[in-house]
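Q: Could you take me through this structure and explain, for each label given to a residue or a pair, what the label rests on?

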Amino acid sequence: MMKKIFLATIVSLIFLAPVKATHFMGGEITWECIKSGPTAGMYIFRLKLYRDCNGTTIVGAQTITVYNHPSVFSISVNLIPGSPSDISPDCDALNSPPPPAGITYPIDCINGSSGNPIQGAVEEHIFESNPVNLPGIPPAGGWHFTWASCCRNGAITNGFANLGFTLRAIMYSYTVSGVSQNTSPCFDSSPIFYEEPKTIICIGYPFSYSHNASDSELDSLVYSWGEPLDGGAYNPAAPVTLPFSAPYSVTSPFPGNPILNPATGEVSYFSMTSGNFVTCIKVEAFKCGQLVAEIYREIQVILLACLPMAGGTPNTKPIVNPPFAGGTSYSTTVFAGDLVQFNISGTDNDIYSNGSAQDLTLEVSGGQFSSNFINDTLCANPPCATFDNGAGVVPPFSAPTTVNGVFEWQTNCSHIASNSGCNTTSNL
């Protein structure tokens, strides 16, 4: 069917493929603590919104509402240059099999805005604030940051159809030697997500993906399922949650017995049921054992009843050889200072009806990667990890039948040492 995609992070390999909905599909609110320059000690807030290309148009600056802060009640965020962007999955419209009912090729925002919703066509809007000063100490319940709107997709399978939509994030207080720290100047950035919200796949296949949260201060991160919220009035002490329709629930929001790993964030499942499913992930950040932030990310999982490929071979997932432990494991343990090198290879022998081989595309994401995947100084904590196809071509890159990539990372003690201010100087 569509072009095969598989992803690699620093310590694990994840299979991923795209999303869908009408109106708002999801998003998240995060913040960055500015550590240098004339605005050092202030925050930049970011709002990401994912919308169906056939859904509600997002126009102009947006407002993040602030709760429980004594003097800051709202934060204005503006669309960044280059946004919005079409992050719809690529597909070979000429050679792909007939799409399921209600879907036409290509899957992109041009086609998806023509009047018929296209499952998988999604647009990302990124908004940023100017540097913001947040003086004070968050109360026990934290400072809450929210954005709300209407409405959700009317075709959602697990509840919430046409109901409201609220994103939220929470900043908590932090204590050093019994003294609560003032957030002006700032000392902590929230976790951010390095994986795009692409979770669309044909039913009948085992599948796994990760939101790939990363924290620049090396705070410990814990994943759990979150409650989707309704729009309208927000109560920090008791947000209005939305009930899932049976048989779905907060901890099982879509079919296929989804399993969430609380340490890595990997979600794994095997579904034979198609539909559009709302999911919400909560990521908690702990600094020296203290909860300092909660970030909620909402996206939709789209499961399609794909049609068989006429005249081609059955559509199967790529075969990927684990890179560690003699080709048996996706994880390994190293000592700070070790050079980490490994290859990732994916193979798929499926062919189109015209006899040509299907392409595999390799993408990578992670907080330690170089921003251009080449220069090992272009990340928050150098030396950075680099990645290419072995001939200098950086991801994403594609090849028919087999695609290969080379990971390299020179580790050192800075990768486990965190100046967290609590007498903790090492980490894992």
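Q: Why is Phe-373 called buried?
A: In this predicted model, Phe-373 has a relative accessible area of 17%, and since buried means under 20%, the residue is placed in that class. Phe-373 lies in the loop between strand E24 (359-364) and E25, and its phi is positive, about 65°, although it is not a glycine.

Q: Which other residue has a positive phi although it is not a glycine, and is it buried or partly exposed?
A: Asn-68 has a positive phi of about 80° and is found in the loop between strand E5 (62-67) and E6. Its relative accessible area is 40%, and because the partly exposed class runs between 20% and 50%, Asn-68 counts as partly exposed.

Q: What makes Phe-387 and Phe-397 a stacked pair?
A: The ring centres are 6.5 Å apart and the planes stand at 20°; because centres must lie within 6.5 Å and planes under 30 degrees apart count as stacked, both conditions are met. The pair links distant parts of the chain, with Phe-387 in strand E25 (residues 386-388) and Phe-397 in strand E26 (residues 397-400), ten residues apart. Phe-387 and Phe-397 are both buried, and ring pairs join them with Phe-324, Phe-342, Phe-369, Phe-373 and Phe-407 in a cluster.

Q: Why is the pair of Phe-160 and Phe-244 called edge-to-face?
A: The planes of Phe-160 and Phe-244 make an angle of 75°, with 4.8 Å from centre to centre, and because planes over 60 degrees apart count as edge-to-face, the name follows. Phe-160 lies in the loop between strand E9 (143-150) and strand E10 (164-171), and Phe-244 in the loop between strand E17 (220-225) and strand E18 (259-260), so the pair ties together parts that are 84 residues apart in sequence. The count of aromatic pairs comes to 19.

Q: How do you know that Phe-160 and Phe-244 are buried?
A: The relative accessible area is 3% for Phe-160 and 15% for Phe-244, and since the limit for buried is under 20%, each value meets it.

Q: What makes the charged end of Arg-152 sit over the ring of Phe-160?
A: The charged end of Arg-152 is 5.6 Å from the centre of the Phe-160 ring, and because the term asks for a distance within 6 Å together with a position within 35 degrees of the ring normal, the distance part can be checked directly against that value. The charged end of Arg-168 likewise sits over a ring, that of Tyr-296, 3.6 Å from its centre.

Q: Why is Ser-189 counted as buried?
A: Ser-189 has 5% relative accessibility, and because buried means under 20%, it falls in that class. The residue is placed in the loop between strand E12 (179-180) and strand E13 (192-193). Leaving aside residues up to four places away in sequence, Ser-189 touches Trp-31, Glu-32, Cys-33, Asp-215, Ser-216 and Glu-217.

Q: How do you know that the side chain of Ser-189 has a polar atom placed for a polar contact with Cys-33?
A: A polar atom of the Ser-189 side chain lies 2.8 Å from the backbone nitrogen of Cys-33, and since the distance limit for a polar contact is within 3.5 Å, this separation satisfies it.

Q: Why is Pro-323 called partly exposed?
A: With a relative accessible area of 22%, Pro-323 is not under the 20% that buried requires and not over the 50% that exposed requires, so the class in between applies. Pro-323 is in the loop between strand E22 (319-320) and strand E23 (339-347). Its C-alpha is 6.2 Å from that of Phe-342, although the two are 19 residues apart in sequence.

Q: What makes E22 and E25 edge strands?
A: Each of these strands pairs on one side only, within an open sheet of four strands that has the order E22-E23-E27-E25 and antiparallel pairing. E22 and E23 pair over two bridges, and because at least two bridges are needed, the pairing qualifies.

Definitions and conventions. Residues are numbered from 1 along each chain as its sequence is written. This is a predicted model: local features need pLDDT of at least 70, side-chain atom pairs count only at pLDDT 80 or more; totals for chains, interfaces and linings use all residues. Side-chain values use heavy atoms; hydrogens and water are left out. Buried means under 20% relative accessible area, exposed over 50%, partly exposed in between (1.4 Å probe, protein chains only). Rings of Phe, Tyr and Trp (its six-membered ring) pair if their centres lie within 6.5 Å; planes under 30 degrees apart count as stacked, over 60 as edge-to-face and the rest as tilted. A polar contact is a pair of N or O atoms within 3.5 Å; within protein, one must be able to donate a hydrogen and the other to accept it, and residues adjacent in sequence count only if both atoms are side-chain atoms. Contact means heavy atoms within 4.5 Å.
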